[in-house]
Amino acid sequence: MEDFAMSNSDRQIGLTLTQHIRFEQTNHRMATGKLSGLLNEILVAAKIISQEVNTAGLKAELLLGMTGTVNVHGEDRQKLDEYSNNTFIHILERSGYLAVMGSEENDSPIPIPETYKSGKYVLLMDPLDGSSNIDVGVSIGTIFSIYERVSQSGAGTLKDLLQPGHRQIAAGYILYGSSTIFVYTTRGGDVHGFTLDPHTGEFLLSHPNIVIPKKGTIYSINEGNSNSWSRGQRKYINYLKASDQNTGRPYKSRYVGSFVSDFHRTLLKGGIFMYPSDQKSPNGKLRLGYECNPMAFIVEKAGGKANNGSRRILDIIPTTLHERTPLYIGSPEDVEMAEKYLAEDAKNR
Ligand code: AHM
Ligand code: MG
């Protein structure tokens with residue numbers, strides 16, 4: 001006779017993100033209902049942005065192209081960047097869960113207006129990452145990172161936003177790609193991915209308990225910058241390109257130029273993503289608070305590693321809201337190998 005007993009994986013079929021967040025909470029791995037509430041607010045903003053990203057080409061006048069202003073990094077601000085930032089801010093500021101926010105698009109911390117209740121969490125975000133891909137239909141994403149505030153009371157402060165990444169209590173990203181995927185983790189939980197079902201408007205569990213392969217066969221880096229790389233960096237990439245069956249080389253090269261997409265592929269398939277320091281950008285390009293830390297938190301939870309070439313990303317103490325750091329992130333054996341090559345640079349300094 002056939003066995004119709006339900007396995008754990010059967011039980012997870014059709015599990016919505018909202019139900020999953022609630023389960024995580026009742027499993028006592030997530031301390032309070034308040035964090036669940038905050039994650040649910042992020043989910044709402046993600047659904048709105050996903051819808052706008054998917055139909056942006058049909059409202060090109062309104063949603064594509066430049067706003068005519070520049071952001072804090074001196075980059076031209078895109079209409080969809082601004083739309084996403086405003087959507088997140090307006091939904092989250094009235095949620096009652098946050099004391100302050102920080103965004104790639106805002107020079108300074110974003111206070112919670114006095115008309116709304118303030119809460120015990122603080123949030124850092126890159127509301128729409130991969131700006132250069134917005135107008136060309138290539139995958140882009142949102143990244144978020146959540147901490148408990150360290151200030152005791154009143155309005156949240158910059159200090160609340162400058163905590164080392166190992167203090168994160170939750171982090172995640174939303175990939176607006178061939179499908180919209182929401183990946184998140186919490187301090188006590190594993191890494192889980194959900195795919196948006198466009199018919200029901202629900203995120204359904206599609207990638208439970210993500211574990212990154214110990215080693216991959218793909219590297220991801222902007223090779224256009226290779227002339228300004230350090231000697232160790234150049235040697236490492238040459239090593240990855242050399243043929244050796246035993247170690248699966250040469251590695252394949254893949255670079256979307258949207259961090260969320262490049263990271264998502266690396267998380268699922270293994271390998272390494274790098275945005276190194278180079279002569280033009282000694283601190284690399286990516287920002288510690290709302291790009292590197294959340295992905296480092298996720299990758300470590302999935303069994304991977306993230307460092308700046310020599311130091312664990314999650315141990316860096318931020319000094320400014322928009323500070324940048326070199327990044328090596330992915331399968332543990334690949335990140336360790338990169339570290340070995342980069343150690344040579346340190347010796348020669
Ligand atoms: P953005 O936040 O302005 O979109 O910049 C970050 C993006 C990342 O998504 C991506 O990994 C990187 O910039 C690509 O940079 P480059 O074009 O220098 O390769
Ligand atoms: Mg960004």
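What volume does the largest cavity have? Keep that one in mind while you warm up; the model you're working on is predicted.

**Exercise 1. Size up the enclosed space, then list what lines it.**

Step 1: Count the candidates. A search for cavities of 30 Å³ or more turns up one.

Step 2: Get its volume. The largest cavity comes to about 40 Å³.

Step 3: Collect the lining. Around the largest cavity you'll find L124, Y147, L161, L162, Q163, G289, N293, P318, T320 and L321.

**Exercise 2. Work out which residues hold the magnesium ion (ligand 2), and how they sit in the sequence.**

Step 1: Pick out the protein donors. They are E104 (OE), D126 (OD), D129 (OD) and E291 (OE), at 1.9 to 2.4 Å from the magnesium ion.

Step 2: Write the spacing as a pattern. For the donor residues it reads E-x21-D-x2-D-x161-E.

Step 3: Take one pair, E104 and D129. E104 is in the loop between strand 3 (98-103) and strand 4 (110-111), while D129 belongs to strand 5 (residues 121-129), so the pair links distant parts of the chain, 25 residues apart.

Step 4: Check burial. Both E104 and D129 are buried.

**Exercise 3. Follow E104 into its salt bridge, and explain what the pairing joins.**

Step 1: Recall the principle. Opposite charges on side chains can pair when the charged atoms come close.

Step 2: Find the partner. E104 makes a salt bridge with R287, with 3.8 Å between the closest N and O atoms. The cut-off is 4 Å, so this pair counts.

Step 3: Place both ends. R287 sits in the loop between strand 13 and helix 9 (288-301), and E104 in the loop between strand 3 and strand 4, so the bridge ties together parts 183 residues apart in sequence.

Step 4: Ask how covered they are. Buried means under 20% relative accessible area, so E104 at 4% is buried, and R287 at 2% is buried too.

**Exercise 4. Compare two other salt bridges out of the ten in the whole structure.**

Step 1: Start with R249 and D244. Their side chains meet at 3.3 Å, N to O. R249 is buried, with a relative accessible area of 14%, whereas D244 has 24% and is partly exposed.

Step 2: Move to D262 and R265. Here the closest N and O atoms are 3.0 Å apart. Both residues lie in helix 8, three residues apart, or about one turn of the helix.

Step 3: Check burial again. D262 has a relative accessible area of 0% and is buried; R265, at 16%, counts as buried as well.

Step 4: Look for a network. Salt bridges with shared partners join E104, R287 and E291 into one.

**Exercise 5. Describe the second largest pocket.**

Step 1: Volume first. This pocket offers about 340 Å³ of space.

Step 2: Now the walls. It has 19 lining residues, with G130, S131, S132, G257 and K285 nearest its centre.

Step 3: Assign elements. Strand 5 and strand 13 (272-275) are the ones that give two or more residues to the lining, and strand 5 gives the most, with three.

**Exercise 6. Is V256 buried or partly exposed, and what does it help build?**

Step 1: Locate V256. It's in the loop between strand 12 (252-253) and helix 8 (259-269).

Step 2: Classify it. Its relative accessibility is 32%, so V256 counts as partly exposed.

Step 3: Add the partners. V136, V138 and V256 make a nonpolar surface patch of about 210 Å².

Technical notes. Residues numbered from 1 in each chain as written. Chains lettered and ligands numbered in written order. Predicted model: local features only at pLDDT ≥ 70, side-chain atom pairs only at ≥ 80, totals over all residues. Heavy atoms only, no water. Donors = N, O, S within 2.8 Å, 3.2 Å for Na, K, Ca; no water. Helix = DSSP H or I, 4+ residues; strand = E, 2+ residues; numbered from the N terminus. Buried < 20%, exposed > 50% of the residue type's maximum accessible area, 1.4 Å probe, protein only. Patch = residues over 30% accessible without salt bridge, like charges linked within 9 Å, V, L, I, M, F, W, Y side chains within 5 Å. Areas by Shrake-Rupley, 256 points an atom, 1.4 Å probe, with all protein chains shown as cover. 1 Å grid on protein atoms, 1.4 Å probe; cavity = no way out; pocket = protein on both sides within 12 Å on 5 of 7 lines; lining within 4 Å. Points joined across faces, edges and corners; volume = space filled by probe spheres on them.
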